[in-house]
Structures are given as structure tokens and as C-alpha cells.
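Open the model in your viewer and keep the selection box ready. We will go stop by stop.

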Amino acid sequence: MRRKYVFLLGILLLALALRCIALGQRSIQYDDAFSFFLAERSLTEIVQGTAADTMPPLYYFLLHFWLQISPELWFLRLLSVLLTLISVVLLYGLVSELAGQKAGLWAALFAAVSPMQIYHAQDLRMYALLELCQLGYAFCLVKAWKVEEINRKASPGWWTGAVLFGVAAMYTHNLAIFGLIVPNVFLLFKRDWRRQKQLILAQAGIGLLALPWLWLIPGQIAKVQQAFWTLRPGLVEIVQAVLMWFINLPLSGVWMTVGAIFSLQIFVLVLFELWRGRKSAGHSSFLLFWAFVPPLLLFVLSYILRPVFVPRGFIVSAMAFYGLAGTLAARRGVIGKWIGGMIVLAAAMTLPFFYSFAEFPRSPFKAASLDLEQRLAPGEVIVHDNKLSFFPSHYFTPAIPQHFLADEPGSSNDTYAPASQQAMQIFPDADLETAVGDARVVYYVVFDKAINEYWTAGEEDHPSLIWLRERFRETDVRTYNDLQVIRYER
């Protein structure tokens, strides 16, 4: 027993170390900065902003109180780090209950080194909290069922825990429901109608407690239908989702080939071994439903409603798959250890690319912003091509005035709702002429990606760059990886 906790502590220390590498150095992206600027507002304004967005407010509430201690980037990310560490513990507990402590330790190790988990541990978004809530929900259900098997009576404490985790999940992400109904599908296949009735009763309690937010769901669905950037999933998106469970993306060249081979080999081998041992799967089959039901439901929904097949939306499925792999590593001898070794090796090969990645959408905004802060003089203006570069730059240099252009109304990029703008008091300029005003010098910030998109579409150049060249002369261009800062002077 004591040895088990020593191993678990070692795994948690490894997980913490991997999540803290470059914690304050890796660049942020638009979504991170959006979370920060919304979370620093009042609780009322956070509710107003999230009601107009596509996500509930619980994560923003947590971040709001967390940043009162410090707004430093490393500290902001530490919240997600801690949430993912709790998830590692919950995964260990869940898998241990279903398949034994040795399997639980293997699963915890896979989660500790997972590039996908480390990515979300350094992300200022709600996905680490969503994963924690869904794992907590699954763990409490399994404990409740086991206590009932032993004592032949209900376990109100564990059922209450499941309800509270379920409510927290509903206030964390609008896709949480696709995880919460996984046990229903499991019990349906098991034809366990008694537990199904108990579960539905608990879920009625979850729905009742989540009702204040559920009233807003129709309006948020309408927003998703109006503007959501994700494409309908096909074979490529399915393969990418599988790869992200084991390696960091993007990769290039030979590393992408090697990473893909490792990932697909792990995935196929785990499924093959599960099929071979299907008659002795026992309670661990519960993990199989958690691994595949959420992505399958989101895939189907993407063709019925709007595309919502994004791997972070079913992040808990990756953890369930690590549980399945942990079960094999603990029980299957050489082949199980081979699977475990490949998972760890795949992570070790690709994590260096994760820590060093500094291109769209995580370009070196800090370096560019600090440079602009030194260069900006009276009568000069900074204009960002869009919100994707403005928000991270504004986080790093909030003291200097910066402008950004509004998204094209009704386009797939038009995701910054007026109510969110009002809540954060950050507003775009309607057009370039308004943003420039009578400034004698303009620093225009634009991604290579944005320029290339116009070239690919057969356009002469980016319309904003054409407009600026017609009225100004270009005097300087500075590049920060794939981010350009172009200086124009009248």
C-alpha cells in the first residue's frame, strides 16, 4: 500500500515538472488572452460576457479569483496545471477501482506525460476543468455502484458527489452533456435498468441545478450556428484526433511521419488487445464507453447541427483511453509493456516541439509588443489586422494604445460578440480608416498566414496592405517568426 503511494507521488512530481517547463515563457494565443480579460472583470460582467459567448462562466469565475493573487502568466497557467494534476489522481482512482491499482498507476503515468494533457495544463481555457469534472463524475458513479454491491444499499455520499461534479461540468462547458450521458449508454448496453433509473434521477438533479444556465443554451446554439470555424469532420479530422492523444501537433517532416506511425500503432494495438481480451474485460469496459461515446456523439452532431468535433471537447476520452492502455500494460505482459513504452516514447519525442513552438496562433507577441512599446511615439498608431494578434499583445503591453479591425460580420471569424465587447470594454474599429485616423505613422501587425490566404485566393495582396500603400510609404518591416510589424509613414 505504501509503495503504491510512493509510485503515485513520483508520477505526480513528473507530471508537475513536465507541466512547469516554459510555464512563463511559452507564448499565449487569442483564447488565453480572451480568458484573462474577461476573468478580470466583475462577476456580473463575466456572466454577461459568457452569456453572449459559447461557454458557461465557472472557469472564468475560478480564474477571476486566482488572478487576484497575481496576473503573471506563469501563475495564471498554474491554475490549469493544478486542475490537470487532480485529474491524474482521479484517473488513477477510477482505473484502480475498475482494473486494479497497477493499471491505475500505468494510466496515471500515461496522463502525466501526455502532450495533450500538458498542452491543456498550460492553456488558459476551461478544458482542464471540464476534464476534472467529468472524471470526478465517473469516479463517484463507480464508487457508488461498488458500495451498493457490497452493502446492498444506496450510497448517498457518492451519488451527491456525482451530482456536484455533473453540475460543475455543465457550468464549465456546453459540450459537457456528451460526457455526462456516457454512463447511460453503458448501462443501456448492460441492460441494468435499476442503475439506469438511479442515474436518470441524479441527472434530473443535475439538470435542475444547472437550469439557470440552461435557459441561455438556445441563444448560444444560435451563435454557434451563425459563426463557428470548425469544419465538418472527415477521415483527416478523425486521424488528427487520434494522433493528439499521443503526440504534440503540429509536427513537420520526418517527425510527423514517425509520430503518426507511433500513434496509429498504439491505437490499433490497444484496440486489438482489447478485442482479444473482451471476454475478461470486466468492469474496465466502462472506460471503453468513455473513450469512444463522446467523440462518436460529437461526430454525429457535426452533421446534424453544426461542426463541433474538436478533440478538446472530448478531452476526457483521451484519459479513458490511457486507462484502457494502463489496463493492458498491467495485465498483458510483454505486449502490455510494449504499448506503455511506445506511449511514453511518443510523448518524449514530440514534447520538445511543444515547448519551443512559437508560430500562429502562438507567435512571439511579447517580443513584438515590447519592441513596439519602445518605438511608439506621439502621433503614431498601432493597428492589428484582427483580434488574434491584438488580444495577446494587449496582455503583454496593456499601457500602450492599440487598435484592431472588426471581423467581417456574419463570417466564420465573427466570434467576438458585442455583449462580450461590452463586458470587457475592448472594442474593435469598424474599418482601417477609422483605426488609423490622422496618425502620421502606422504600425500594422499582421500574420503571414493572413497575407498568404489572400494570395492563395488569387488576390493581388491583403486589402489592408493595399490601402496603406496607397496613402503611406512603407519604411520598415520587422518579423517575429510568422508575425509581421510593418511601419508606414505619410
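**Stop 1: the core**

Select Trp245, Phe246, Tyr322 and Phe391: these have the most contacts inside the largest nonpolar core, which has 145 residues. A nonpolar core is a set of buried Ala, Val, Leu, Ile, Met, Phe, Trp, Tyr and Cys residues joined through side-chain atoms within 4.5 Å. Buried means under 20% relative accessible area (1.4 Å probe, protein chains only). Now colour helix H5, residues 73-99: it gives the most to this core, with 16 residues. Helices here are DSSP runs (H or I, at least four residues), numbered from the N terminus.

Apart from this core lies another, of 18 residues. Pick out Val436, Ala439, Val442 and Leu465, which are among them.

A word on the model. It is predicted, so local features need pLDDT of at least 70 and side-chain atom pairs count only at pLDDT 80 or more, while totals for chains, interfaces and linings use all residues. Residues are numbered from 1 along each chain as its sequence is written, and side-chain values use heavy atoms, with hydrogens and water left out.

**Stop 2: around Phe391**

Centre on Phe391. Which residues is Phe391 in contact with, leaving aside neighbours within four places in sequence? They are Tyr30, Ala33, Phe34, Phe37, Phe404, Tyr416, Met424 and Ile426. Contact means heavy atoms within 4.5 Å.

**Stop 3: H2 against H21**

Show H2 (residues 30-39) and H21 (residues 387-396). Their axes come within 8 Å and cross at roughly 55 degrees. Axes are lines fitted to C-alpha atoms, for helices over the stretch in contact, and angles run from 0 to 180 degrees between N-to-C directions. H2 and H21 are therefore oblique to each other; angles under 35 degrees count as roughly parallel, over 145 as roughly antiparallel, 65 to 115 as roughly perpendicular and the rest as oblique. Add side chains: Tyr30, Ala33, Phe34, Phe36 and Phe37 in H2 meet Lys387, Leu388, Phe391, Pro392, His394 and Tyr395 in H21.

**Stop 4: H20 against H21**

Keep H21 and add H20, residues 365-375. Here the angle is about 70 degrees, with the axes 9 Å apart. H20 and H21 are therefore roughly perpendicular. Phe365, Lys366 and Ser369 of H20 make the contact with Leu388, Ser389, Pro392, Ser393 and Phe396 of H21.

**Stop 5: two cysteines**

How many disulfides are there (pairs of cysteine sulfur atoms within 2.5 Å)? The count comes to zero. Select Cys133 and Cys140. Why is Cys140 not bonded? The closest cysteine sulfur, in Cys133, is 11 Å away, too far for a bond. Cys133 is buried at 3% relative accessibility, and Cys140 is buried at 4%.

Terms used: Buried < 20%, exposed > 50% of the residue type's maximum accessible area, 1.4 Å probe, protein only. Helix = DSSP H or I, 4+ residues; strand = E, 2+ residues; numbered from the N terminus. Disulfide = S-S within 2.5 Å.
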